[in-house]
Amino acid sequence: MLKKFLCTVVVSLLFSCNNDLIYSDFESTANGKWQADDTIAFQFTGLDTLQHHDMFINIRNNDEFPFSNLFLITEMELPQGQTTRDTLEFEMARPDGKWLGTGQGSIKENKLWYKENIVFRDTGVYKVRVMHAMRKNGNVKGIEALEGITDVGLTIEKSKR
């Protein structure tokens, strides 16, 4: 009886889907290096104009990433052309150097908060652009090729609030 129950639970978990997931896409960087002039772009449409959503930026990094935090600049362009720009900072490693995020082996994936409880009131195409804004301490010039970032993604989910 217990075996049958456990088998049913495992099968249910394998075939269940995330009903809260609205949009998810990833873009890979070239050879695990994110160039300063490489803007990662996403666009989406057809979202429920009454539903509240949470947006996440997903970052996959490997052991070549030389920092414990990540600075990003994001732009979200609404269908009518208005653009909001944000500068974001995310912690990528603990003080002892252990990577945050999920995953086995050398690749870790971080699901980072971007926008919370947002309603997409306008119909049409929304565009999100993500750029890194990394620089070494004391340097004015940014890092041209940020090593260790293998993929950048955007996820939109139904808000649980």
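How much area does the chain expose, and what share of it do carbon and sulfur atoms supply? The chain exposes about 10000 Å², and carbon and sulfur atoms supply 51% of it (accessible areas come from the Shrake-Rupley method with a 1.4 Å probe; for residues, only the protein chains shown count as cover).

Before you click further: this is a predicted model, where local features need pLDDT of at least 70 and side-chain atom pairs count only at pLDDT 80 or more, while totals for chains, interfaces and linings use all residues. Residues are numbered from 1 along each chain as its sequence is written, and side-chain values use heavy atoms, leaving out hydrogens and water.

**Stop 1: the whole chain.** Turn on the cartoon view to find one helix and 10 strands (DSSP runs numbered from the N terminus: helices are H or I, at least four residues; strands are E, at least two).

**Stop 2: an open sheet.** Select strands 3, 8, 5 and 6, which form an open sheet in that order with antiparallel pairing (two strands pair if DSSP finds at least two bridges between them). Its edge strands are strand 3 (40-44) and strand 6 (83-91), each pairing on one side only. Now keep strand 3 and strand 8 (126-132): five bridges link this antiparallel pair. Pick I40 and look across to V130, its bridge partner in strand 8.

**Stop 3: S159.** Select S159, in the segment after strand 10 (149-158). Is S159 buried or exposed? S159 is buried, because its relative accessible area is 11% (buried means under 20%, exposed over 50%, partly exposed in between, with a 1.4 Å probe and protein chains only). Finally, show the side chain of N117: a polar contact of 3.2 Å joins it to the side chain of S159 (a pair of N or O atoms within 3.5 Å; within protein, one must be able to donate a hydrogen and the other to accept it, and residues adjacent in sequence count only if both atoms are side-chain atoms).
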